[in-house]
Amino acid sequence: MRTPVAITLGMVLAPCGLLLNLTSTLAPGWRLLKGFLDQPVDVVLYQGLWDVCREQSSSERQCGQTDEWGYFGAQPVLAARGLMPTSLATTALGLLLATLGVRCWRDEPHFALAGSSGVVLFAAGLLSLIPVSWYNHFLQDRTVLPAPASPVTLQVSYSLVLGYLGSCLLLLGGFSLALSFAPWCEGRCRRRRKAPPAGPRRGSISTVCVDWPEPALTPAIKYYSGGQHRPPPAQQGAAGVKAKVGFPMPRPPPKAYANPADVLDGEREQPADSHGASSRSTRPCRSPLPCDSDL
């Protein structure tokens with residue numbers, strides 16, 4: 001059996017979402033700060049969940065900068081520190097369940113397990129989407145997310161964008177895998193319809209059992225003998241009489257034999273002639289018997 005398209009799509013999107021969320025969690029690039037007055041113009045500060053890095057075009061990136069404004073103590077940062085690793089662990093669990101449910105090495109996948117993995121991956125996408133959206137909502141608020149005063153500008157950095165993309169991919173992948181519940185429910189309902197009942201059906205108040213008497217049916221075949229109705233063979237067998245089955249056939253009347261040739265034509269006598277002998281008919285003899293003229 002070929003793997004359904006929904007399961008294949010979920011198995012492609014979920015690992016991509018895991019990779020993007022992992023990069024978003026570890027990389028120090030949730031917010032970008034630039035425009036410091038006491039520093040060169042090309043100095044840029046990247047703030048993440050675990051570290052703050054300073055970057056300048058003339059030098060390499062320097063991480064491990066001190067938190068001068070209490071950035072790591074903000075509520076959105078603390079919430080993201082707890083929810084993002086939880087989302088990563090949940091995603092790993094969902095991928096494990098999906099791998100066992102898809103069963104590429106077998107003919108038919110385990111739809112119930114694949115659907116459960118979809119629910120887990122969908123929850124993982126929500127767990128990562130909540131902190132990302134919360135952080136983005138208070139990105140420009142310097143009281144919630146502490147930052148230097150103006151003219152320092154605050155901008156969205158790449159880690160926040162990766163977090164959004166990873167969360168959306170996890171949601172789509174989890175939803176695709178959750179569609180596996182449809183064939184599982186269909187197969188289960190089909191098995192329930194085919195399964196025999198566990199026990200005899202119990203009667204209810206609306207169920208009334210009535211023993212109706214069997215009607216006396218007239219035999220479809222009648223027995224005739226000599227133009228009269230006779231009893232069935234079962235009754236005649238007791239009396240030792242052989243039954244005659246069928247319908248009386250009319251007998252044709254006897255037919256008389258008629259010969260078109262008159263056999264007496266040659267035997268009729270004619271008046272006697274002058275010699276005292278009876279003259280015979282000169283007509284040809286048509287009788288099948290030999291005539292006198294032939295003798």
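**Entry 1: the chain as a whole**

I began by counting elements, and I find six helices and seven strands in the protein chain. The model I am reading is a predicted one, and I keep that in mind throughout. Reading from the N terminus, I noted the order of the elements as α-β-β-β-β-α-α-β-α-α-β-β-α. I then looked up burial, and of the 295 residues in the protein chain, 29% are buried.

**Entry 2: the sheet**

Next I turned to the strands and asked in which order they lie in the sheet. I read an open sheet of five strands, ordered E4-E3-E2-E1-E5, with antiparallel pairing. At its edges I find strand E4 (59–63) and strand E5 (153–156), each of which has a single partner strand, so one side of each is left without a neighbour in the sheet. I also looked up the twist, and neighbouring strands of this sheet are turned against each other by 20 degrees on average, with direction ignored.

For a closer look I chose one pair within the sheet, strand E2 (residues 44–47) and strand E3 (residues 52–56), which pair in the antiparallel sense over four bridges. Here I noted that Gln47 stands opposite Val52 in E3.

**Entry 3: helix H2 and its contact with H3**

I moved on to helix H2 (residues 75–102), and checked its span against what its number of residues would lead me to expect. H2 has 28 residues and reaches 40 Å from its first C-alpha to its last, which is close to the 40 Å expected at 1.5 Å a residue. Just after H2, I came upon Arg103, which takes a positive phi of about 55 degrees.

How do the axes of H2 and H3 lie relative to each other? I find that they come within 8 Å and cross at roughly 165 degrees, which makes H2 roughly antiparallel to H3. I recorded the crossing of H2 and H3 as left-handed. Sorting the residues of this contact by class, I get 21 nonpolar, nine polar and no charged residues.

**Entry 4: helix H3 and its contact with H4**

I then followed helix H3 (residues 111–137) to its packing with helix H4 (residues 158–178), where the angle is about 155 degrees and the axes are 7 Å apart. That angle makes H3 roughly antiparallel to H4. The crossing of H3 and H4 is left-handed, as I had also noted for the crossing of H2 and H3. Which classes of residue make up the contact of H3 with H4? I read 16 nonpolar, ten polar and no charged residues there.

Terms used: Residues are numbered from 1 along each chain as its sequence is written. This is a predicted model: local features need pLDDT of at least 70, side-chain atom pairs count only at pLDDT 80 or more; totals for chains, interfaces and linings use all residues. Side-chain values use heavy atoms; hydrogens and water are left out. Axes are lines fitted to C-alpha atoms, for helices over the stretch in contact, and angles run from 0 to 180 degrees between N-to-C directions. Helices (H or I, at least four residues) and strands (E, at least two) are DSSP runs, numbered from the N terminus. Angles under 35 degrees count as roughly parallel, over 145 as roughly antiparallel, 65 to 115 as roughly perpendicular and the rest as oblique. A crossing is left-handed if the near helix is turned anticlockwise from the far one by less than a right angle, and right-handed if clockwise. Ala, Val, Leu, Ile, Met, Phe, Trp, Tyr, Cys and Pro count as nonpolar, Asp, Glu, Lys and Arg as charged, and the others, Gly among them, as polar. Two strands pair if DSSP finds at least two bridges between them. The expected span of a helix is 1.5 Å times one less than its number of residues. Buried means under 20% relative accessible area, exposed over 50%, partly exposed in between (1.4 Å probe, protein chains only).
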